[in-house]
Amino acid sequence: MAYDREQLMTALRNADAAGDTEGATRIAQMIQLQGQQAQETQQPSSPMVSAEENARQENVVNNANVARCNW
């Protein structure tokens with residue numbers, strides 16, 4: 001199961017408060033890994049790519065709506 005940053009931060013605080021050094025260290029590593037992965041996936045997007053992606057998403061939604069109407 002993937003945890004979001006807020007859940008991991010809460011778990012880190014709880015582990016620290018309980019004196020669970022090993023658990024706190026593992027959770028801190030998970031938080032760092034999430035941050036690194038987020039930085040790696042962030043890329044500047046060009047307006048053309050965004051427009052193409054928006055068109056693709058609209059097409060998927062429109063197709064889903066048409067399929068629902070045909071029931």
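The following exercises, each with a worked solution, concern the structure shown above.

The model is predicted, so local features require pLDDT of at least 70 and side-chain atom pairs count only at pLDDT 80 or more, whereas totals for chains, interfaces and linings use all residues. Residues are numbered from 1 along each chain as its sequence is written, and side-chain values use heavy atoms, with hydrogens and water left out.

**Exercise 1. Overall composition**

Determine how many helices and strands the protein chain has, and what share of its residues is buried.

Solution. Begin with the elements: helices (H or I, at least four residues) and strands (E, at least two) are DSSP runs, numbered from the N terminus. By this rule the protein chain has 3 helices and 0 strands. Their order along the sequence gives the pattern α-α-α. Next, apply the burial classes: buried is under 20% relative accessible area, exposed is over 50%, and partly exposed lies in between (1.4 Å probe, protein chains only). Of the 71 residues in the protein chain, 8% are buried.

**Exercise 2. Packing of α1 and α2**

Describe how α1 and α2 pack, and classify the residues in their contact.

Solution. Two packed helices are described by the angle between their axes and the distance between the axes. The axes are lines fitted to C-alpha atoms, for helices over the stretch in contact, and angles run from 0 to 180 degrees between N-to-C directions. For α1 and α2 the angle is about 160 degrees, and the axes lie 8 Å apart. The pair is therefore roughly antiparallel, the class for angles over 145 degrees (under 35 is roughly parallel, 65 to 115 roughly perpendicular, the rest oblique). The crossing of α1 and α2 is left-handed, that is, the near helix is turned anticlockwise from the far one by less than a right angle.

Now list the participants, where contact means heavy atoms within 4.5 Å. Helix α1 contributes Arg5, Leu8, Met9, Ala11, Leu12, Ala15 and Asp16, and α2 contributes Gly23, Ala24, Ile27, Ala28, Met30, Ile31 and Gln34. Finally, sort them: Ala, Val, Leu, Ile, Met, Phe, Trp, Tyr, Cys and Pro count as nonpolar, Asp, Glu, Lys and Arg as charged, and the others, Gly among them, as polar. The contact has 10 nonpolar, 2 polar and 2 charged residues.

**Exercise 3. The nonpolar core**

Identify the residues of the largest nonpolar core and the elements that supply them.

Solution. A nonpolar core is a set of buried Ala, Val, Leu, Ile, Met, Phe, Trp, Tyr and Cys residues joined through side-chain atoms within 4.5 Å. The largest has 5 residues: Leu8, Ala15, Ala24, Ile27 and Ile31. Two or more residues come from each of α1 (5-17) and α2 (21-41), and α2 gives the most, with 3.

**Exercise 4. Two residues of α2**

Compare the burial and contacts of Ile31 and Gln34, leaving aside neighbours up to four places away in sequence.

Solution. Take Ile31 in helix α2. Its relative accessibility of 8% places Ile31 in the buried class. Ile31 touches Arg5, Leu8, Met9 and Leu12. The C-alpha atoms of Ile31 and Arg5 are 6.6 Å apart, with their positions 26 residues apart in sequence.

Turn to Gln34, also in helix α2. Gln34 is partly exposed, at 27% relative accessible area. Its contacts are Tyr3, Asp4, Arg5 and Leu8.

Notes: Contact = heavy atoms within 4.5 Å.
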